[in-house]
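The following exercises concern one protein chain. Please work through each task with the sequence and the model at hand before reading the solution.

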Amino acid sequence: MDNENIAAKTELVNRSKEIFKTSIVGIVVNLLLVGFKAAIGLITNSIAIVLDAINNLSDALSSVITIVGMKLAGKSPDKKHPMGYGRIEYLTSAIISVIVLYAGVSSLVSSVKQIIHPEKAEYSTVSLIIVGVAVFVKLGLGLYVKKKGKQHNSDALVASGTDALFDSIISASTLVAAIIFIITKISLESYLGVIISVIIIKSGIDILRETLSKILGEREDAELTLGIKQTVRSIDGVRGAYDLVLNNYGPDSYLGSVHIEVPDYFTAAQIDALTREIQREVMKKHNIYMSAVGIYSYNTGDDEAAKIRDEIEKIVFTFDKVIQVHGFYLDSVRNTISLDIVADFGAKYSMLDEIKAKISKAYPDYSLDIAMDTDISD
């Protein structure tokens, strides 16, 4: 096993350990908060504090699911799933979002019932102090879990951390409502419960939306894709890098492909060596395996071809939806001109026919091989 693979495997093991440790911290803290808040809520007859305790219980369950999802996602690839089980982490986030939604809807129902049939709350100094301490504990836990989630690219941890930060705000609101009741004897408990429920429901919907977006397949981060293209272009013999595609198989798990431009005099042996070097460098710098490297050749020592290329690019860029032109090659033996066009998602496919017609009018002696590519990555 080479050094790059050893380093990648070590990083994966460390990631799993950190996610596990962070989740255990979340479980322990949330269960302690559940016990304290449930006891206080029942003693003071506070629906808001009881709902807050239930929400903490759902957070503890979320951490358990995060651990289970991480363990399943960490299973080694096999014949049935050769790219591994990393995408299970996205399913884990989806399950957590459903739990959050359920907690929010349940809280909303209980709060509405309390508005219809109100019960008087009774607070003590001790109960208020405990709720106040819980606010700071939950705030610290939320910041810690969310930071670890971003650090180790775990959507499940980020979701749990975000939920915990919402909880700290909710607990603070509960405390304010209690103080208002003590001073003015005006009970805002039930109405606050409705607001809390709406916040929880919105949080669940946001987590679910983000998770489903990743399962569907999102445009990869521009910093990552531009970095990979820069790495590929930096290798001697490569003039350009295009059509980068990254297939996501879970957090930090990608299989990629790219097209490169090389001189038309390169031999198969030179291209083979170049391809292997690209794979090594991208793995070393970005921890991504490039499964395929396509080849565009460009004309060298042919001033006429260069002139035609510049003229055709001017023609193509007269169309507003065109983003990029690449892969130009003029075959003087077959009288063929080849090029690829990257168009905006708003472009109609009929635009390709218009472009071909315009180029054919300028260069009627050549047959055209023009492809319109999708704007997949920056």
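**Exercise 1. Determine how many positive and negative side chains the chain has, and how far apart the centres of the two sets lie.**

Solution. The model is a predicted one. Counting Lys and Arg as positive and Asp and Glu as negative, one obtains 38 positive and 45 negative side chains. The centres of the two sets are 7 Å apart.

**Exercise 2. Assess the overall dimensions of the chain against the rule for a compact globule.**

Solution. Begin with the expected value: for 378 residues, a compact globule would have a radius of gyration near 21 Å. The chain, however, has 29 Å. Next, consider the extent of the C-alpha trace, which is about 90 × 50 × 35 Å along the principal axes. Finally, turn to burial: 44% of the 378 residues are buried, where buried means under 20% relative accessible area.

**Exercise 3. Identify the largest nonpolar core and the elements that supply it.**

Solution. The largest nonpolar core comprises 22 residues, and Ile-312, Val-316 and Leu-339 have the most contacts inside it. At least two core residues each come from helix 9 (303-316), strand 4 (322-331), strand 5 (336-343), helix 10 (350-362) and strand 6 (367-374). Helix 9 gives the largest share, five residues. Leaving aside residues up to four places away in sequence, Leu-339 touches several residues, among them Ile-312, Val-316, Val-325, Phe-328 and Ile-370. A second, separate core has 18 residues, including Val-238, Leu-244, Ile-260 and Ile-288.

Methods
Residues numbered from 1 in each chain as written. Predicted model: local features only at pLDDT ≥ 70, side-chain atom pairs only at ≥ 80, totals over all residues. Heavy atoms only, no water. Rg over C-alpha atoms; globule rule 2.2 N^0.38 Å. Buried < 20%, exposed > 50% of the residue type's maximum accessible area, 1.4 Å probe, protein only. Charge placed at Lys NZ, Arg CZ, Asp CG, Glu CD. Core = buried A, V, L, I, M, F, W, Y, C linked by side-chain atoms within 4.5 Å. Helix = DSSP H or I, 4+ residues; strand = E, 2+ residues; numbered from the N terminus. Contact = heavy atoms within 4.5 Å.
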